[in-house]
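Here's a quick briefing to read with the model open in your viewer. It goes through a domain interface, the chain contacts and the enclosed spaces.

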Amino acid sequence: MNGFKKLLAAGVLLLATSAAALAARTDLVLGVVLEPPHLDPTAGAAAAIDEVVYANVFEGLTRIDETGSVQPALAESWTISPDGKVYTFKLHTGVKFHDGSTFDAEDVKFSLDRARAADSTNAQKGLFAQIDTVEAVDPATVKVTLKQPQGAFLYNMGWGDAVIVAPESAATNKEKPVGTGPFKFENWARGSSITIVKNPDYWGTPVALDKAEFRVIPDPAAATAAVLSGDVQAFPFFPAPEARAQLEADPRFKVTIGTTEGETILSINNKKPPFDNIKVRQAIAYAIDRQAIIDGAMFGLGTPIGSHFAPHNPAYIDLTGTYPHNVEKAKELMKEAGLQDGIKVTLKLPPPPYARRGGEIIASQLREIGIECEIVPVEWADWLQQVFKDKNFDLTIVSHTEPNDIDIYSRKDYYFGYDNPAFDKVIEELNVTSDEAKRKELYGQAQKILADDAVVGFLFELARMNVWDAKLEGLWVNAPIQANDLTKVHWTE
Amino acid sequence: MSLLEIESLNLEIDGTPILRNVELSIDRGEIRGLVGESGSGKSMTALTVMQLLPLGARATGQVRFDGKNLLAASENEMCQLRGDDIGMVFQEPMTALNPVKTIGEQVAEGIRFHTRASRPEAEDRARKILDRVGLPEVKYPLSRYPHQLSGGQRQRVVIAIATALNPRLLIADEPTTALDVVLQAQILDLLRDLCHENKMGLLLISHDLAVVADMTDNITILRGGQVMEEGDTARVLSEQTHPYTRQLALASTHVPARRKHPLVQHQPAETPLLKVTSLTRDYLGQRIGFFKRSAPTRAVNDVSFSLWPGQSVALVGRSGCGKSTLARMILALDPPTSGSIEFEGIEITGKSEAELKPIRRHMQVVFQDPYGSFDPRQNVARLVSEPLHLLQPTLGSKERRERVEKALNEVGLTTSDLEKYPHEFSGGQRQRLSIARALITRPKLIIADEPVSALDVSIRSQILDLIASLNARYNLAFIFITHDLTVARAITDDVFVMHEGRIVEAGRTESVLENPQSKPAQELVSATPDLHRAIARKLREQG
Amino acid sequence: MDTPVAPIATPRTDDFWPRAFANRSFVIGFAITVIIAFAAALSFVWTPYDVTHLVVSDKLKPPSAAHWFGTDHFGRDILSMIMVGARNSIAVALVAIGIGMGIGVPLGCWAAARGGWLDEVLMRFNDVVFAFPALLSAIMITAIFGPGAVNAIIAIGIFNIPVFARVARAGAIALWPREFILAARAAGKGRLLITVEHILPNIANLLLVQGTIQFALGILAEASLSYVGLGAQPPMPSWGRMLFEAQTMISIAPHMALFPGLAIVITVLGLNLLGDGLSDLLDPKLRRQR
Amino acid sequence: MTPFLLKRLGIGIVTLLLASIVVFAMLEVVPGDPARMMLGMNATEDAVQALREQMGLNQPLIMRYLSWIGGFLTGDFGRSYTYSVPVAQLVAERSAVSLPLALISLFLSTVIAIPVGLYAAAHRGKASDTVAMGASQLGVAIPNFWFALLLVYVFAVALRMLPAGGFPGWGAGVWPALKALILPAIALALPQAAILARVTRSALLDVLNEDYIRTARAKGLPRNTVLWRHALRNALIPVFTILGLQFSFLLAGTIIIENVFYLPGLGRLVFQAITQRDLIVVESVVMLLVATVIVVNLLVDLSYAVIDPRLRNA
């Protein structure tokens with residue numbers, strides 16, 4: 001009897017340990033669409049870099065969390081001078097870089113000075129433009145003095161481009177990133193995958209995963225296959241929305257739809273006739289059927305927008321009704337513009353499906369009001385050169401994925417060719433305003449101006465479809481910033 | 001019981017009858033000739049015995065070898081017989097050997113298969129048989145590949161393969177047709193000796209009556225798949241009781257009635273029709289290194305001669321002696337390395353095509369192969385009129401047509417043939433077309449490269465008649481390139497014997513052929529088979 | 001003397017069609033080719049639905065009486081798209097063959113007629129083009145000039161040039177030593193005239209057979225290029241791009257991948273069979289074996 | 001070395017040189033600035049110029065060609081613009097996928113095609129020949145990417161027997177790595193095998209019509225012995241020629257197939273590099289592929305000499 005009990009106990013114990021062994025799954029393969037060109041977030045614009053290293057390998061003074069708000073990171077806390085010009089950061093102590101070197105205020109000074117230097121190749125130099133001086137007061141204190149007060153400064157310091165690097169390893173971060181994060185870079189099989197492993201010496205809360213692999217799968221079909229076959233256990237920003245219904249029906253997977261900062265627009269070259277005529281732009285706005293584009297190109301994923309602003313932002317106002325879908329009205333406007341006989345234009349489309357598929361639908365919609373679009377697919381390199389730099393285009397479709405980037409419409413020489421002093425004034429005012437309510441109002445004004453001017457065709461806010469194993473938790477649903485933060489990811493059971 | 005007995009053999013291929021009621025028998029040690037013109041079914045008879053007929057063939061009747069009916073034999077049984085008891089030699093030595101295997105392998109292979117001998121044993125036997133057929137190992141090791149041998153040597157290898165296991169029956173299908181007369185004589189001698197040594201039965205298939213007369217004991221004459229006559233060679237050929245036999249024999253020895261061009265002493269001041277002086281042609285040597293070539297081959301070496309209007313000469317020699325190269329140079333199709341060619345006193349070497357035009361109209365060509373001489377896509381009207389391109393001023397379409405019709409009439413064809421295509425004509429008719437084409441510009445000289453060697457004897461005699469009459473009627477000069485002395489004898493006044501690029505002997509045709517002076521000429525003459533001589537010898541031997 | 005290998009040299013014969021209809025490959029291949037060509041021709045005047053009109057609400061419908069081959073992700077009728085796509089495939093492949101023949105055949109004939117260093121130089125250029133994996137270079141070409149049907153034609157056409165140059169040269173080289181060419185030369189005809197009068201008609205069969213092969217390859221190449229997004233651009237339907245678009249939807253709308261794929265397979269199969277049949281019919285060497 | 005091979009070698013070198021000029025010239029006219037590509041939409045003109053200088057893009061054309069080709073010959077392929085690692089390293093990493101893939105599919109297609117071709121030739125006109133050739137006709141007509149898709153959905157998605165794509169790396173073990181290559185190799189090999197089987201069959205049939213086959217049969221050798229011992233070796237020349245030509249198609253095929261299976265091979269590298277304007281990578285990889293084609297064809301020529309004594313040239 002006794003023996004039996006013992007046996008039973010042993011059995012239970014065995015079950016328990018094996019259950020524990022199951023629960024202890026600590027590896028993850030995560031699909032990403034784009035492979036980063038290198039792994040130094042301070043030396044390249046590619047979102048793919050941040051999607052691997054942000055928060056995982058590199059940390060900044062602050063960080064952006066899933067809700068888009070600013071959280072402390074390497075800076076434990078900070079104080080702001082009353083005039084809003086001097087930020088004093090108190091740093092965590094005992095922090096070590098992955099190569100064993102110690103993190104202190106000198107590293108912060110080095111990183112910020114490097115990023116804003118004249119020969120810097122930091123893609124977001126604008127983030128640091130207001131910094132006047134950086135001073136390492138003591139190893140755990142940094143004082144940053146701004147030229148002018150800047151409402152978004154703490155937010156800016158949370159960007160991937162503002163992460164803190166060590167002088168010893170800064171030059172080699174592209175190939176072998178060395179940061180202070182909870183994961184260490186392990187291996188990069190170029191063209192295939194990047195592997196990071198748990199950093200045992202991490203200063204903060206240790207992560208649950210021992211190993212994570214970012215597998216590069218650019219092809220939507222391959223992505224679907226990889227997820228269905230279980231090769232990849234998580235695919236944030238899944239590139240094949242057409243597979244949504246199928247994946248949702250499968251209990252093995254959890255499908256979530258999150259928001260992004262990607263305003264997808266039909267860019268119009270405002271400088272080029274006949275698009276310098278607001279009537280033509282309005283006609284285009286009336287001709288566009290946003291829902292059909294969202295359904296056809298994105299399989300229903302995405303929120304219609306009426307201006308250049310993310311719907312989940314508190315300052316968002318719904319302007320989709322400014323120019324509702326109305327073909328008759330559009331034709332009338334074309335007639336008023338003297339273009340009743342129709343025009344021929346080019347529509348340059350970069351590679352993502354939202355552009356290529358959306359372009360076909362828009363071309364079909366514009367054809368109805370006499371605008372014949374010649375579709376010209378272009379690679380990103382061509383797009384950057386022809387459209388973005390040389391402004392050699394009529395229409396193009398692109399998603400502007402930087403957060404809070406309505407100010408691009410005030411940039412001189414930006415590729416839209418939009419120039420409206422009234423709008424510029426609003427943005428100028430925004431730049432020096434830190435009062436939230438006032439900011440909100442200004443944002444509203446800016447959105448209205450853009451919508452009324454029909455500067456570009458505002459289509460939809462890119463949605464983010466995430467697919468992951470139903471047993472996986474802790475992944476971001478939304479992407480307030482380009483990142484795959486794995487710090488809270490763990491397997492259940 | 002005979003070694004091989006064929007009785008009432010009928011053969012159809014895809015429903016077309018090929019052989020009808022063929023009867024034939026061979027005893028041990030007997031040499032039997034199977035004679036016939038092309039399409040008579042000679043080769044198919046041989047392939048029926050070997051059971052190597054093409055797909056779609058159906059044979060009925062009796063083919064008994066050693067009492068065993070081969071038509072009923074299984075493929076396995078046939079494999080046992082082939083190469084062991086029945087050997088076969090084919091016509092084309094250049095293609096009858098596998099190019100990627102050494103001659104030793106190819107000879108030893110059959111030996112190993114049939115005797116289960118070990119490789120060294122088989123090679124030993126192969127060595128012996130190759131030695132026997134005239135390829136001693138010292139000069140021709142077993143490791144030679146076929147491409148390293150000449151045509152005659154290759155035919156010896158084929159014979160070695162066929163006779164390696166001392167078969168009781170050897171079938172030789174036109175074994176010497178592709179070889180020149182000197183080689184022909186050597187190969188025939190070899191076959192005869194092998195038969196005598198081993199008491200082999202030999203079925204010798206040939207279109208050449210003279211060869212058969214010389215070689216065989218008995219003869220079977222085939223025509224259109226049927227046996228015309230059969231019997232003792234000397235008797236059949238001397239008595240010529242069957243009309244077809246007589247027709248064949250007459251055609252084989254036909255000499256056109258023609259007026260001989262008189263032997264005139266020309267004055268040095270007179271201009272010959274064609275004058276060739278010190279003509280030489282080298283071919284580049286093979287590349288043996290990146291920058292090196294082997295020494296050039298001299299195809300034609302310091303050749304000089306003159307030709308007068310109306311004269312008919314033969315250029316004879318063994319294959320590869322340079323006679324065709326010489327002809328091409330005269331026709332300005334190939335540039336000489338040095339020397340000069342004058343046509344009616346005008347130098348033709350180094351002239352452009354435009355400058356050559358007036359000369360070309362007086363100098364035309366007839367080729368050997370009646371199949372290859374015509375563009376298969378052009379009809380008679382177009383292809384016969386092709387040289388009219390040379391005439392200045394160009395003729396109108398009506399005149400052209402008249403000229404074509406006239407030329408056709410001259411060669412014995414009718415104007416109803418104008419719209420036909422070459423494949424609708426027989427070999428002899430095609431050679432007539434070829435001559436019509438050459439005649440159309442009213443040339444003074446025709447160069448004929450083996451004009452009759454691809455034709456059956458009966459057609460050959462007709463073409464020779466035609467040439468002889470043209471020669472006489474238009475005072476046309478002819479240069480015949482041939483290895484066949486009977487052709488030379490029939491229609492030429494003079495003969496040049498070529499050997500290794502040089503003219504080694506020149507003179508009146510009869511005197512050279514009757515009484516050759518140079519060694520090459522003597523070899524040629526003695527190797528040339530002659531029907532009358534062969535029959536006479538046979539009769540003498542039989543008493 | 002070695003007899004040179006004779007290229008195809010069949011006389012014109014009246015019995016071509018009777019023989020052709022007894023040739024199984026030819027009959028099937030010919031029928032398929034005619035049907036595809038007819039569908040393409042028909043699409044100019046009539047298709048079941050307008051392929052430029054998107055009806056997003058009708059998207060991804062499986063095959064039905066209204067849409068025999070179903071609809072795609074924009075609600076377009078797939079049968080109509082395949083018909084119009086046939087036009088594109090045929091046009092690209094045909095023009096590419098035209099480029100290949102138009103440049104390759106004269107080059108090959110010239111090389112064969114002149115021989116020597118010219119032959120050597122032309123053949124070396126051929127080698128260079130041959131050494132590039134064709135699709136890779138097509139990708140590079142379209143990367144330079146931008147994707148589109150015209151550039152796809154150029155890219156594919158360039159790779160047809162050496163093919164036809166080789167075929168023409170090989171055929172011509174085998175013909176030049178033939179006696180009827182010698183006879184023409186003895187008749188004072190120049191290289192150009194002989195090439196036009198004798199060589200070209202006699203290699204026409206070879207070129208025809210090669211043409212059908214290249215046609216099939218051209219259709220495959222166009223499909224591959226379109227598949228990687230470098231072929232014909234929307235709104236022009238193309239079989240390869242239809243497959244690319246169908247790729248992600250195979251599990252939800254397999255008909256989208258099935259029909260364009262079958263269209264390619266059947267067309268290429270038809271052309272290959274036609275080529276096989278033609279080479280059987282036109283090659284006297286094969287006929288002799290029968 | 002025989003004159004034949006010397007000549008082929010010389011031709012190979014000339015071809016390679018011409019090809020290098022073609023590749024370089026072609027890529028020079030590709031639009032798009034690699035520097036801007038690397039820095040993205042919001043980079044300033046200064047940063048782009050700084051990078052152009054760093055990358056040596058501001059040097060004259062001929063200098064860049066010479067330094068490129070010079071480096072190429074000494075094994076220094078330069079540094080990738082996008083990855084900023086030596087191209088040689090990239091090529092080495094990627095070759096570890098592409099090379100086995102090409103070899104496996106070459107092997108697969110050969111072991112499938114030659115027996116099928118032999119069998120069909122030996123059974124000419126019979127039902128089995130018709131079936132084999134019908135299947136091969138179909139195989140030739142199927143686009144490999146479509147075939148690849150069908151394979152993925154059958155074996156990876158429906159049956160879950162094999163991975164849908166991706167490559168775990170040889171570090172993950174030989175079997176997992178091989179497993180990832182099975183479907184791509186089949187997708188590449190089958191259409192190739194179809195062509196090869198047809199060529200094998202028709203080459204054999206051609207050879208079987210030769211006089212020396214009759215000679216061999218007259219020796220008493222059974223049909224099959226003749227097929228193996230006499231016909232096959234002679235038929236290998238056209239078969240090898242096609243194998244050599246196909247190698248180039250195989251390489252082209254890997255570009256597409258590697259994209260379907262997202263294998264990190266040379267094909268995908270070059271495809272990506274073209275879209276990302278990583279010119280130095282494109283140039284080097286294309287040259288390498290061209291060189292491979294030339295070397296393979298040189299090997300084919302060498303094999304001719306082994307097979308055919310007439311080309312050995314005493």
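How many salt bridges does the rule find across the interface of domain 1 of chain D and domain 2 of chain D? The count is 0. Keep in mind that this is a predicted model. The rest of that interface comes next, then the chains, then the cavities.

**Inside chain D: two domains**

- The domain assignment splits chain D into domain 1, running over 2–73, and domain 2, running over 95–313.
- Take the centres over C-alpha atoms, and domain 1 of chain D sits 31 Å from domain 2 of chain D.
- Domain 1 of chain D brings 22 residues to the contact, and domain 2 of chain D brings 20 residues.
- People often quote the size of an interface as the accessible area lost when the parts come together.
- Here, about 1,900 Å² is buried between domain 1 of chain D and domain 2 of chain D, and carbon and sulfur atoms give 79% of that area.
- On the domain 1 side, look at D:Phe4, D:Leu27 and D:Phe72: this trio supplies 27% of the area that domain 1 of chain D buries against domain 2 of chain D, more than any other three residues.

**Which chains touch**

- There are 5 pairs of chains that touch, and chains C and D have the most contacts among them.
- Chain A and chain B don't touch, with 44 Å between their nearest C-alpha atoms.

**The largest cavity**

- Searching the whole structure turns up 13 cavities of 30 Å³ or more.
- The largest cavity comes out at about 80 Å³.
- Its lining residues include A:Ala285, A:Ile288, A:Arg290, A:Leu319, A:Tyr323 and A:Phe458.
- Sorted by class, the lining of the largest cavity holds 8 nonpolar, 3 polar and 1 charged residues.

**The second largest cavity**

- The second largest cavity has about 60 Å³ of space.
- Chains A, C and D each show up in its lining: A:Asp219 and A:Ala222 are among the residues there, along with C:Gln247, D:Tyr153 and D:Tyr262.
- Two elements give two or more residues to the lining of the second largest cavity, namely α5 (220–228) of chain A and α7 (144–158) of chain D.
- By class, the lining of the second largest cavity breaks down into 9 nonpolar, 1 polar and 1 charged.

Key: Residues numbered from 1 in each chain as written. Chains lettered and ligands numbered in written order. Predicted model: local features only at pLDDT ≥ 70, side-chain atom pairs only at ≥ 80, totals over all residues. Heavy atoms only, no water. 1 Å grid on protein atoms, 1.4 Å probe; cavity = no way out; pocket = protein on both sides within 12 Å on 5 of 7 lines; lining within 4 Å. Points joined across faces, edges and corners; volume = space filled by probe spheres on them. Nonpolar A, V, L, I, M, F, W, Y, C, P; charged D, E, K, R; others polar. Helix = DSSP H or I, 4+ residues; strand = E, 2+ residues; numbered from the N terminus. Contact = heavy atoms within 4.5 Å. Domains from an automatic or database assignment. Buried area = accessible area lost by both parts, 1.4 Å probe. Salt bridge = Lys/Arg side-chain N within 4 Å of Asp/Glu carboxyl O.
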